[in-house]
Amino acid sequence: MGLKTFLEGWPVYRQLTGDDPLGRGAATQSNRSKSLTPRTSTADRVAKSVCPYCAVGCGQRVYVKDERVVQIEGDPDSPHSRGRLCPKGSASEQLVNGDSRMTSIKYRAPYATEWTDLDLDTAMDMITDRVIDARRRGWQDADEQGRPLNRTMGIASLGGATLDNEENYLIKKLFTAMGAIQVENQARI
Amino acid sequence: MPGLGASFGRGGATGDLQDLSNADVIVIQGSNMAECHPVGFQWVMEAKARGTRVIHIDPRFTRTSALADTYVPIRTGTDIVLLGAIINRVLTQERDFREYVLAYTNASWIVSEDFRDTEDLDGLFSGFDSETRSYDTSSWQYAGSEGQGDEEEETAESTDSESGHALGAGGAAVDHERIQRDETLQHPRCVFQVLKRHFSRYTPEMVEEVCGIPQDLFEEVAEAWISNSGREKTGVLVYSVGWTQRGTGVQYIRTGAILQLLLGNMGRPGGGVMALRGHASIQGSTDIPTLYNLLPGYLQMPHAERHPSLQAYVDSIKGPNQKGFWSKADAYTVSLLKAYFGGSATAENDYLFDALPRINGDHGTYGQVMDMIEGGKIFGYFLLGQNPAVGSANGRAQRLGMANLDWMVVRDLVMIESATFWKDAPEVETGEIVPEECRTEVFFMPAASHVEKEGTFTQTQRLLQWREKAVNPPGQATSELWFFYHLGRRMREKLAGSTDPRDRLLFQMTWDYPLHGEEREPSSEDVLKEINGYDLSTGELLPGYTAMKADGTTSGGCWIYSGVYADGVNQAARRKPGREQSLHAPEWGWAWPMNRRVLYNRASADPDGKPWSERKALVWWDEEQGRWVGDDIPDFEATKAPSYRPPKGATGVEAIAGDDPFIMQSDGKGWLYAPKGVVDGPLPAHYEPAESPFRNAVYTQQANPAREIYTNHLNEVHPSPPERGSEVFPFVWFTSRMTEHHTAGGMSRYLPYLAELQPALFMEVSPELAAMRGLEHLGWAHVVTARAVVEARVMVTDRMAPLRVQGTEVHQVWLPYHWGQGGLTTGDVVNDLAHLTLDPNVHIQEFKAGTCDVQPGRRPRGPASLELIDSYRVRGAVTMSSGAVSVTSELIDPQGKTRTEQAMAGTTPTGTGHSGEDMDKVLGVRHDVRSRPGQPQQSGVDPVVLDGHPDTTLEGH
């Protein structure tokens with residue numbers, strides 16, 4: 001190791017000789033931090049997205065490496081958010097990858113005190129049977145005056161304000177076609 | 001949002017966030033924008049840096065207040081008095097923007113001589129019936145149009161409230177040809193004079209007395225707003241759920257709308273009403289609704305009585321001689337039915353309109369919960385990214401309702417409280433829910449997050465933004481698109497071959513979406529194209545809703561979104577950087593309608609089509625080109641000249657004159673006075689919140705007479721003056737959000753960063769209240785109502801200043817509502833404190849004002865907590881009839897009626913078992929509706945997996 005290299009490894013030297021006399025920038029950088037690269041620069045690809053919290057709809061850039069989201073940043077291209085995210089939007093990588101995230105189906109049987117697991121196909125089959133049954137039991141053909149109602153009151157649904165328009169469209173379409181009118185979301189809450 | 005819909009024609013924010021920077025004054029009321037919409041708030045700060053005056057009006061001093069030029073503390077629930085007094089000042093000092101008001105509002109319309117104002121009836125408008133708690137609106141009409149009220153074809157049970165939300169994309173029908181005018185505004189019954197008289201008692205003295213705002217501060221706010229409006233200047237009003245979560249929230253918005261119309265602030269740069277919505281796509285979920293009373297595009301859900309046929313349905317929307325784009329309601333409706341049912345919908349079968357399910361009452365979420373508690377009506381419940389055990393009012397009622405179901409499907413990212421209520425709800429601790437005795441079967445289905453699926457959100461400025469998919473959902477997680485597509489597919493497969501007519505519509509529905517990948521996921525783009533609509537004769541995507549036809553040759557799943565796929569391009573996915581565009585950035589995403597960013601922007605020009613001023617130019621008429629031009633897409637027919645006058649007898653689009661900027665309104669004008677579309681009054685009037693420590697100082701009438709009440713022993717309302725008992729609950733409590741948490745906490749309390757940033761539930765109280773009750777900073781205290789007791793850490797702070805109201809000091813308590821027993825930071829459910837009293841227009845609960853007591857220390861646990869609540873109920877004379885009588889003068893002079901009879905009138909008793917008794921005597925009712933083992937609901941059956949064969953012997957209920 002030459003003297004120059006030795007000296008340049010010393011932050012005070014860099015502070016005195018470089019353009020960072022106050023030692024608040026490059027002068028104090030360690031070898032370790034110098035060797036780091038941001039996750040955003042090593043990502044395989046970036047998806048353009050929108051923050052899922054409040055209704056400002058800030059632009060997000062979602063960085064993906066090895067088929068896993070590694071970072072979510074504000075999108076500076078967005079005309080109304082201009083790259084900014086609030087604490088929630090900034091934390092949204094944890095919304096995707098956090099330890100609390102559920103990735104498996106849980107089933108609680110009547111009177112059971114614990115969850116059990118179900119595979120997706122079985123769960124969908126059981127739910128379909130229950131929807132068909134509840135729809136049938138709650139069906140109303142007509143009111144007291146004989147005016148058609150064509151509906152079921154056996155099923156209710158709540159949700160939608162954090163779902164996509166396309167999802168809400170299919171939900172309303174399916175429920176309407178099956179006669180289930182009690183569809184609601186938190187626009188009313 | 002019928003407050004905006006009834007006033008202007010569309011229920012959405014009228015401009016975009018960027019446009020806030022064009023304002024000369026920004027008034028933020030009922031919103032803590034800096035903390036709840038922090039990134040949007042940058043535009044307020046940008047405006048402020050340019051010299052814009054920023055005013056924040058709120059019961060609590062927040063970061064928004066800290067950044068405003070003027071902060072105005074107000075007693076929660078009194079905003080109409082403050083705004084009403086500004087309106088009064090504008091009218092009496094004649095400081096309205098008169099040319100604008102004359103040309104673009106209904107100020108000169110003459111109201112029927114049958115109309116009686118709150119001035120005449122001491123707080124009621126004409127037509128109120130206390131037996132049904134609703135108004136017959138026929139007397140509210142214009143002279144010459146009498147008898148055309150909302151109510152004429154209705155029964156007592158079904159008020160017009162189901163159509164409340166339906167004004168999201170257009171105003172109510174009125175016959176514009178029969179309207180009489182007085183352009184001098186002198187006729188005693190012209191809207192201008194009616195308004196003047198109505199608001200005459202809203203004075204600075206009244207503001208001081210009711211709101212607790214000193215007169216000099218009122219003066220400052222009024223002058224800042226008025227003097228920064230007019231030809232050269234504009235002001236914008238910003239509100240959020242601090243206004244909407246009220247028993248009279250629609251009328252708050254109406255008051256703001258009236259003031260903005262009088263000041264000429266609508267449709268102009270830096271003007272308008274910015275409704276800040278609370279969730280990523282809450283605007284989208286009313287545009288394409290998951291709401292019981294609406295179909296996509298604010299078309300009403302068919303009603304059993306009012307809509308016996310497609311023709312009757314369309315006529316009820318269009319109305320006789322109506323102007324504007326609602327005249328094409330038949331095209332929008334038929335196109336929707338073609339999108340839903342494809343080739344099965346034909347002219348011969350009225351496009352299957354008759355087969356659609358019908359509503360005939362309030363089927364809203366809170367009514368559903370009451371039905372769940374009662375049992376035997378609702379068997380299954382879907383929760384889709386929603387956590388009502390924490391997020392809805394009266395959480396006890398929510399959880400006890402869930403514990404009385406056959407099954408639930410909960411779709412969420414994390415294990416929320418609404419999925420685990422059967423084992424860890426507060427009611428397990430009190431013994432009201434016993435896991436071994438609770439029969440509700442729960443399916444928790446992990447959901448895909450926003451980066452694991454593609455699709456559009458519609459944000460607060462009506463802007464659709466497409467999200468690209470980043471990765472696949474993990475494990476068994478699925479999108480709603482996947483779940484509902486495959487649920488529908490499986491239902492059709494299991495019911496295949498059914499000859500039951502009740503199943504027919506399910507098979508007539510088009511459900512043949514191409515599937516992709518191993519997961520067999522439908523494509524959101526295909527669905528968005530269906531929403532946009534097609535020309536069925538050519539197969540081309542429609543360019544916009546004006547291309548829709550009523551003859552079955554076009555389809556389109558949501559007419560107001562038509563154009564989002566114009567030219568075969570996903571317009572919502574456009575991402576030209578904002579810095580390469582104008583302020584409104586028309587090539588970023590796509591805004592409904594037709595990518596217009598500032599609604600009613602025809603009003604930015606004078607009646608002749610010239611900008612009111614150079615400084616406030618936005619859209620103007622270019623005589624040479626023969627079209628409207630400017631910095632936004634004109635919210636007007638592009639080539640209709642300002643001088644255009646419709647021929648006699650014209651209706652619909654043809655009847656819109658060249659100076660009718662409110663093109664969705666049936667008369668083309670902004671409505672200062674709303675003869676239709678708002679069920680609790682054509683003008684806003686101040687009523688005290690359903691729970692208030694104060695007598696209404698404005699009228700004899702105490703609370704909104706048309707408010708909706710659920711009489712259930714789980715939902716008892718505290719007495720308010722003149723009823724006795726209110727002194728037991730002397731303080732006012734209200735809730736709101738924090739920056740670091742989101743609504744019911746499912747998206748925040750489970751995230752380490754956010755849980756660490758805001759690690760505990762707390763309440764803010766004033767030093768004065770702390771001294772009065774012996775509360776210690778950072779110590780514990782509990783808040784008590786007749787519904788619940790909630791404990792939290794105490795933050796003693798000047799941010800909560802006591803206010804002087806009616807000669808006494810009133811203390812307000814604030815709590816954030818994000819906590820529950822799940823997640824990384826836990827706390828009591830604050831919404832358990834709330835009662836269910838709803839706005840009659842939109843059925844939204846009152847979260848923003850209730851009465852309570854506060855005591856130091858932690859709350860009692862388990863059954864002892866119920867005993868504490870009961871002791872308050874006894875002392876405060878809280879029963880199912882307290883706070884429930886509709887008309888106050890009848891309460892004062894009952895004329896032989898019992899209070900129970902009065903209280904029960906017009907309400908539906910649910911799940912009480914006491915509806916036949918005198919409710920005044922049921923003080924001893926215990927909160928005990930625990931589920932019983934082995935005793936299914938009266939018409940329920942034990943949960944079994946059915947074999948799924950079609951059953952053709954259905955029983956009608």
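This passage walks through a predicted model, starting with the layout of chain A and ending at the place where chains A and B meet.

Chain A is a handy starting point. Its domain assignment splits the chain into three pieces: domain 1 covers residues 3–35, domain 2 covers 39–97 and domain 3 covers 106–188. Going by C-alpha atoms, the centres of domain 1 and domain 2 of chain A sit 33 Å apart.

Chain A also has a little set of strands to look at. Here 3 strands make up an open sheet, ordered 1-2-3, with antiparallel pairing. Strand 1 (45–50) and strand 3 (68–74) of chain A are the edges, each with a pairing partner on one side only. From one strand to the next, the twist comes out at 30 degrees on average. Zooming in on one pair, strand 1 of chain A lines up antiparallel with strand 2 (residues 59–65) of chain A through 6 bridges. One of the residues involved is A:Arg45, whose bridge partner in strand 2 of chain A is A:Val64.

Over in chain B, a pair of helices is worth a look. Helix 9 (residues 204–211) of chain B packs against helix 10 (residues 215–227) of chain B at about 115 degrees, and 9 Å lie between their axes. The crossing of these two helices of chain B is right-handed. On the helix 9 side, B:Pro204, B:Val207 and B:Glu208 take part, and they meet B:Gln215, B:Phe218 and B:Glu219 from helix 10 of chain B. Sorted by class, that contact is made of 3 nonpolar, 1 polar and 2 charged residues.

Then comes the meeting of the two chains. Chain B puts 146 residues into the contact, while chain A puts in 104 residues. On the side of chain B that touches chain A, helix 21 (residues 480–494) of chain B supplies the largest share, with 10 residues. That side of chain B breaks down into 77 nonpolar, 48 polar and 21 charged residues.

Strands also pair across the two chains. Strand 7 (residues 148–159) of chain A and strand 10 (residues 380–384) of chain B run parallel, joined by 5 bridges. Within this pairing, A:Ala156 has B:Tyr381 of strand 10 of chain B standing opposite. So much for the pairing between chains; within chain A, by contrast, the strands of the open sheet pair in the antiparallel sense.

Note on methods: Residues numbered from 1 in each chain as written. Chains lettered and ligands numbered in written order. Predicted model: local features only at pLDDT ≥ 70, side-chain atom pairs only at ≥ 80, totals over all residues. Contact = placed C-beta atoms within 7 Å. Helix = DSSP H or I, 4+ residues; strand = E, 2+ residues; numbered from the N terminus. Nonpolar A, V, L, I, M, F, W, Y, C, P; charged D, E, K, R; others polar. Pairing = 2+ DSSP bridges. Axes fitted to C-alpha atoms, helices over the stretch in contact; angles between N-to-C directions. Left-handed = near helix turned anticlockwise from the far one by under 90°. Domains from an automatic or database assignment.
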